[in-house]
Amino acid sequence: MLREIARLLDEWLIDREVEARVEGLPRPRACTIRVLGQAALLERGLPLQLAATRDVDVRADFEDSARQRFAALLAAKGRELDPLAHEAWMPRETRYEEIFRGKFVRLLLADVEAILISKARMAPGKNRQLLTEYLAIGPSDRFIELAQKYDVDLEQFT
Amino acid sequence: MISKEELQRRAKRRAARIRQRRKDPRFLRVLGRFVDDGLLFVNEEVEPFRGRLAIADVLWAGELEPRLLELLPALLVKRPGMFEMTSELPEDLERVVAELRRGRVPGTFREIPGSDVHRWLLRVGRPGKVPALLKSFRFTPEDLRLLEHLAEKLSLSQTDVIRRGLRALA
């Protein structure tokens, strides 16, 4: 879903670039969209039972018009930009995987381990079932290392 | 700290119990309604459900999917028609709903941070709208005459006259 939205945003920015050239205006600026949280987990097709509310957590360097267009594309799918995504804590070790690169838009997903550590540390009650399921399918060594580094008690999820 | 293998072993046992409970018709009904209403998005097939939900079923299902609990209080304020028997709420839920009606951020609700509960108040039902609260005041006869005069002069309701006055003084 998000990949398709990124593609549509890229096409829209390409159209804005053509208009800008004709009218002698500055061309649109490229943007990088980093997706966090449940939306990123859903996009990855993990073997976990996932549910997400409407909001999509992203950190992006949009121009205002691009942000509005992205929000409109999300709204057409019944989703919304989370206004508080910039406040979400993520470990410094978070890695991002690029899943779309267009002329103007790059879409990246935060890695699973970083997202789950964020959830385990910041909202363990709300994410108890998810963390249990993840531990049941076999946590990665990286996840265990991050849990130790950030003092996350994993036994609470078992 | 216990080993990774022991963590996985314990988690597998717990996950099996969770998977079993997720097959319960109460859970499927609640999830079906929330997904059908566009309140939740899931990565599995869910049978839509369009009937009213029992609060007890939502609270029970919320133990398996806490995002249901995150949404429930705001839905009770903005979309009470989704539910049966909304006048009989457990004490903690009633307290949270009362706080939301007063426009306040409630305390933690069944491990859901109050801020997470509150943020849905403006985003479910009619966006940006919160229910108005009834307040009573004692006005002198002169106050009442002035209020009636201003309402007629400005073609406003008396409530709107008072609202305008508040904003002018703020």
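Two strands are taken as paired if DSSP finds at least two bridges between them, and by that rule the first stop of this tour, in a predicted model, lies where two chains meet.

**Where chain A meets chain B**

Select strand E2 of chain A, residues 51-53, together with strand E1 of chain B, residues 40-42. Three bridges join these two strands, which run antiparallel, and a good residue on which to centre the view is A:Ala52, which stands opposite B:Phe41 in E1(B). Now widen the selection to the whole contact of the two chains, which takes 22 residues from chain A and 26 residues from chain B. On the side of chain A, the elements that give two or more residues are E2(A) and helix H5 (128-136), and of these H5(A) gives the most, with five residues. If you colour this side of chain A by residue class, you should find eleven nonpolar, eight polar and three charged residues.

**The sheet of chain A**

Next, hide chain B and show the open sheet of chain A, in which four strands follow one another in the order E4-E1-E7-E6 with mixed pairing. Strand E4 (58-60) and E6 of chain A stand at the edges, each with a single partner strand, so one side of each has no neighbour in the sheet. Looking across the strands, you will see a twist that averages 25 degrees from one strand to the next.

Start at the E4 edge, where three bridges join E1(A) to E4(A) in an antiparallel arrangement, and pick A:Arg34, which stands opposite A:Arg59 in E4(A). Then turn to helix H1 of chain A, residues 2-23, which packs on the sheet and touches E1, E6 and E7 of chain A, its direction making about 160 degrees with that of E7(A).

Move on to E7(A), residues 105-110, and ask how its two neighbours run beside it. E1(A), residues 31-35, is joined to E7(A) by five bridges and runs parallel to it, whereas E6(A), residues 96-101, is also joined to E7(A) by five bridges but runs antiparallel. A:Leu109 is a useful residue to label here, since A:Val35 has it as bridge partner in E7(A), and A:Glu97 likewise has A:Leu109 as its bridge partner in that strand. One further pair to label is A:Tyr96, which stands opposite A:Ala110 in E7(A). Follow the chain between the two antiparallel strands and you will pass through three residues, with E6(A) and E7(A) forming a hairpin.

Is E7(A) largely enclosed or left open by the rest of the structure? Five of its six residues are buried, so E7(A) is largely enclosed by the rest of the structure.

**Two packed helices in chain A**

Stay in chain A and select helix H4, residues 112-122, with helix H6, residues 141-149. These helices pack at an angle of about 35 degrees with their axes 10 Å apart, and their crossing is right-handed. To see what makes the contact, show the side chains of A:Glu113, A:Leu116, A:Ile117 and A:Ala120 on H4(A), and of A:Arg142, A:Phe143, A:Leu146 and A:Ala147 on H6(A). Sorted by class, the contact of H4(A) with H6(A) has six nonpolar residues, no polar residues and two charged ones.

**Domains and two loops of chain B**

Finally, bring back chain B and colour it by domain, with domain 1 covering 4-118 and domain 2 covering 135-170. The centres of these two domains of chain B, taken over C-alpha atoms, are separated by 42 Å.

Within the range of domain 1, zoom to B:Arg110, which lies in the loop between helix H5 (91-101) and helix H6 (114-118) of chain B. B:Arg110 has a positive phi of about 50 degrees although it is not a glycine, and with 18 other C-beta atoms within 10 Å it is partly exposed.

Then go to B:Ser155, in the loop between helix H7 (141-154) and helix H8 (158-169) of chain B. Here too the residue is not a glycine, yet B:Ser155 has a positive phi, of about 55 degrees. Does B:Ser155 count as buried or exposed? A residue is exposed if 12 or fewer other C-beta atoms lie within 10 Å of its own, and B:Ser155, with 7 C-beta neighbours inside 10 Å, therefore counts as exposed.

Terms used
Residues are numbered from 1 along each chain as its sequence is written. Chains are lettered from A and ligands numbered from 1 in the order in which they are written. This is a predicted model: local features need pLDDT of at least 70, side-chain atom pairs count only at pLDDT 80 or more; totals for chains, interfaces and linings use all residues. A residue is buried if 20 or more other C-beta atoms lie within 10 Å of its own, exposed if 12 or fewer, and partly exposed in between; C-beta atoms are placed from the backbone. Domain bounds come from an automatic or database domain assignment. Axes are lines fitted to C-alpha atoms, for helices over the stretch in contact, and angles run from 0 to 180 degrees between N-to-C directions. A crossing is left-handed if the near helix is turned anticlockwise from the far one by less than a right angle, and right-handed if clockwise. Two residues are in contact if their C-beta atoms, placed from the backbone, lie within 7 Å. Ala, Val, Leu, Ile, Met, Phe, Trp, Tyr, Cys and Pro count as nonpolar, Asp, Glu, Lys and Arg as charged, and the others, Gly among them, as polar.
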